[in-house]
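Thanks, everyone. I have one structure for today, so let me put it on the screen and talk through a few parts of it.

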Amino acid sequence: MNRPMHRVVTLVYLLLFAMGCVEPYETPEIKEELNIMVIDGFINSTAQSASVKLSYANPLAATETNPFHDNATVRIEEEGGNSYLLTQEYPGSFVLINTSFSTEMRYRLRVQNNSGREFVSNYITLNKAPEIDSITWKMGRNGISFSVNTHDDTNRSKYYQWNYVETWEYVSSFYSTYQIVNAVAIPRPQEDGIYFCWSSSLSTNINIGSSVRLANDVIQDFELTFIPANSVKLSRRYSILVEQRVLTEDAYEFWTQLQKSSESLGGLFDPQPSQVLGNIRSNNNDEIVLGYFSGGEVTQKRFFISFNELPREIRNEREPVRCGEMDLSALSVEEIPTAHSSVLLIDPIYVQGVGIVAFTTAAASCIDCRMQGGITLRPDFW
């Protein structure tokens, strides 16, 4: 499922019943199974692929994430032509790869579950997308923001959507030079290092913009994300990969309403809730379906920024985990055979004329960067 849509499914269901209330109202908990299908599909004509996510809306009182729907038959149908069957990648996720889609054709999505319920989208055309001109950053009061710039000389795009992936490099507080293997302390090979890590996160907000009110089809300095000062993301090197799509006017309206419903509610003078259903319908006309099926070209651009490029006032000069001399302890050579292999060693302690007598150690969270959620595998693009 598109990440922003997954976030707001439960809220949207509630909004379907909350029309025009002025007086405060305590909504009763909805505990029963909703059985409202949520469908999010996209054809990526650039990558020659398609993806569809199926799930159900959650009750308001639910504590778990949206339950996924599997064992469905998912097809993309070409108007007057071919039909393409998607393969289930994992529960709720269906994919199609190595398939050529044309911007000259129209396509629709058809989903049939094992109980015979069928869901069909409107036919869509695949939008062409201009290149991203640039990704820029600027300093704010308490951090830095990243923005995207683009334009279309043909004046045809008008409606844009962006998703992004952030990746950042960080380090642990202490560098481990030894490890315990088979009850023996041996030098840690470089390929087994746990000092350098990389972590990634996906965009979760709805990022849409339009140039329809402008004389030219230009998007300038559309802010995508803000990183506060001293964030671990800014501790060494940071990268953002921005993905740009062009929407139809109807799709833009769908995402606008979803954005208003999920991000702008709460005050008396905020936009009032409205039904955000999308372009997918059930064969049962009385059944509510949430979601949208769209497609087109996707353009990407990656941007890097390093610690030494940042203004001093917002550099992260803190370790991801605050560890210092008070966190260090020592493990004697005699204790090594009885130590658990999960004990992490930092440096050997030498005594002149004797050799190594002990090793410094500390909590795993101070030594193993993976404890902070990252991985030690360096990304290919780094």
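Start at Ile-132, which stands opposite Thr-150 in strand E11. Keep in mind that this is a predicted model. The strand that pairs with E11 here is E10, and the two run in the antiparallel sense over seven bridges. E11 itself covers residues 143–151.

Now widen the view to the sheet. Which strands form it, and in what order? The order is E10-E11-E17, three strands in an open sheet with antiparallel pairing. Strand E10, residues 132–139, and strand E17, residues 218–228, each have a single partner strand, so they stand at the edges and one side of each is left without a neighbour in the sheet. From one strand to the next, the twist averages 20 degrees.

On to the whole protein. There are three helices and 24 strands. Of the 382 residues, 47% are buried. If you take the contacts with a separation of 6 or more, 70% of them are between residues 24 or more positions apart. The exposed area is about 20,400 Å², and carbon and sulfur atoms supply 48% of that.

Last item, internal space. How many cavities of 30 Å³ or more are there? The count is two. The second largest holds about 40 Å³ of space. Its lining includes Asp-40, Gly-41, Arg-245, Trp-255, Tyr-292 and Ser-294. Strand E1, residues 37–44, and strand E20, residues 289–296, are the elements that give two or more residues to that lining.

That is what I have; questions are welcome.

Conventions. Residues numbered from 1 in each chain as written. Predicted model: local features only at pLDDT ≥ 70, side-chain atom pairs only at ≥ 80, totals over all residues. Heavy atoms only, no water. Pairing = 2+ DSSP bridges. Helix = DSSP H or I, 4+ residues; strand = E, 2+ residues; numbered from the N terminus. Axes fitted to C-alpha atoms, helices over the stretch in contact; angles between N-to-C directions. Buried < 20%, exposed > 50% of the residue type's maximum accessible area, 1.4 Å probe, protein only. Contact = heavy atoms within 4.5 Å. Areas by Shrake-Rupley, 256 points an atom, 1.4 Å probe, with all protein chains shown as cover. 1 Å grid on protein atoms, 1.4 Å probe; cavity = no way out; pocket = protein on both sides within 12 Å on 5 of 7 lines; lining within 4 Å. Points joined across faces, edges and corners; volume = space filled by probe spheres on them.
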